[in-house]
Amino acid sequence: MEHVTRIVIIGGGPGGYEAALVAAQLGAEVTVVDRDGLGGSAVLTDCVPSKTLIATAEVMTTFDSSYEELGIIVADDTPPLEQQARVVGVDLGKVNRRVKRLAIAQSHDITQAVTRAGVTVLRGKGRLGPGGQGVDGSREVLVDHEDGSTESLRADAVLIATGVHPRELPDAAPDGERILTWTQVYDLEELPRDLIVVGSGVTGAEFAGAYQALGSNVTLVSSRDRVLPGEDPDAAEVLEEVFRRRGMNVMSRSRAESAKRIGDKVEVTLSDGTVIEGTHCLMAVGSIPNTAGMGLEEAGVHLNDWGQIKVDRVSRTTAPGVYAAGDCTGVFMLASVAAMQGRIAMYHALGDAVQPLNLKTVASNVFTDPEIATVGYTAADVQRGKMDAVEIKLPLRGNPRAKMQGIRDGFVKLFCRPGTGIVVGGVVVAPRASELIHSISLAVDNNLTVEQVSGAFTVYPSLSGSTAEAARQLHIRKRDEGDA
């Protein structure tokens, strides 16, 4: 598309606001239509709030699991009858107030940055208008404002970045008090005594681990045979073992059929008739894209059976002049990918140099304790024949820094091509794995070999030393297998 000057972005999450910044820098006239506040769910109800909550949980876990081994003495004046009570506790109301405060502050900072760039921000609900494409190739976007009025905008290109909302089971409707979605937990003033988490994907695992660390008795209901079914099997096995060791009741191959509030209790009924009782229930059973009622299909935008928008690697939909980015596309539900999709869409729409999205360089992280970080090709890819690779897994228990810090669980895993030794993927299971994965991400992104990774200096002692050691061992294994 040539000479695009008017951009309308529907949705102010990472896909939307990052796109707006790029489009403004490239000289376009940009309008963002947003309903809840810039930053979207990533800032207001998902990434920022959950990771802020997890930061408190992380301190609790580190303290509970390591203070005795590290020689820390805590004065305990707990009455004798309660001598086994936790020495450290949390004020969940205070924690959640901090969570909300940080989320709002981050949204405010994003709004300031976007408006300083010259972007117009409209509060309301955006949808594609019935006008379709005009003779000049432009599209109509209708904005339904909060006061009930409707405004019509014309755009040379439209970006849909409307995100998702929590999926609800028909017989487990959230009430915001005892039966909760992940967007509602931040209204709790008191720590749930007995929390049932339904769903063992990333969201369920993160919240289950966090609330267990904060002091709740947690039951995790998983319909699959293990937690985190989409992650590296070795990593998931470590995490499930840690969960169980810390006292979590992990119920595998158990599907929840309903959740019912009875007074100050919640009863969750499983498909086999088993009834679990708790004080609260968190439903983490997936998400639904915010694509209904937006006039997308009428405009020629193709949706799949789940309501996700089909896009190509430069974020184009099936309708000319309409792009999409973020969770509503279902490509890879990460804020970083949403932001990249949005930027790529604007580069393409505005005629700038653009590199298509490459998901094999995406780094992701599960913020449990320990964290699970991955990048590039996976064990599943190797098993399915998508990538021919040699693998090595190096436990952290032999790392000197891990010993000093009392870290017992975790590993570094690397994958490389058998002939060239080029690093094509990796997994790190460790505290702050989200930081440790970066060196492997650089290797994958730049086609570095295991020789190059192992040849770079690392600090001694450091957890990152295990990445270099894994690369050294992988070099030896690759050489031996090549000689065989």
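Me: Over residues 363-470, how far apart are the end C-alpha atoms?
Reply: This is a predicted model, where local features need pLDDT of at least 70, side-chain atom pairs count only at pLDDT 80 or more, and totals for chains, interfaces and linings use all residues. Residues are numbered from 1 along each chain as its sequence is written, and side-chain values use heavy atoms, leaving out hydrogens and water. UniProt lists residues 363-470, in an unreviewed entry, as "domain: Pyridine nucleotide-disulphide oxidoreductase dimerisation" (positions are in the numbering used here, feature names are shortened, and annotations may be inferred rather than shown by experiment). That stretch is 33% helix and 28% strand (DSSP runs numbered from the N terminus: helices are H or I with at least four residues, strands E with at least two), and its end C-alpha atoms are apart by 19 Å.

Me: In the open sheet of five strands, what is the strand order?
Reply: Happy to walk you across! The pairing is antiparallel (two strands pair if DSSP finds at least two bridges between them), and the order is 18-19-22-21-20.

Me: Which strands stand at the edges of this sheet?
Reply: Look for strands with a single partner, because one side of each is then left without a neighbour in the sheet. The two that fit are strand 18 and strand 20.

Me: Which residue of strand 22 is the bridge partner of Val 412?
Reply: Strand 21 (residues 411-416) pairs with strand 22 in the antiparallel sense over six bridges. Within strand 22, the partner of Val 412 is Val 428.

Me: Along strand 20, which side chains point to the buried face?
Reply: The side chains alternate along residues 390-395. Glu 391, Lys 393 and Pro 395 point to one face and are not buried (buried means under 20% relative accessible area, exposed over 50%, partly exposed in between, with a 1.4 Å probe and protein chains only). On the other face, the buried ones are Val 390, Ile 392 and Leu 394.

Me: Is Arg 253 buried or exposed?
Reply: Arg 253 lies in the loop between strand 11 (249-251) and strand 12 (256-262). Its phi is positive, about 50°, although it is not a glycine. With 61% relative accessibility, Arg 253 counts as exposed.

Me: What is the omega of the cis peptide bond that joins Asp 369 and Pro 370?
Reply: Find Pro 370 in the loop between strand 18 (363-366) and strand 19 (371-376). The bond joining Asp 369 to Pro 370 is cis, with an omega of about 5°.
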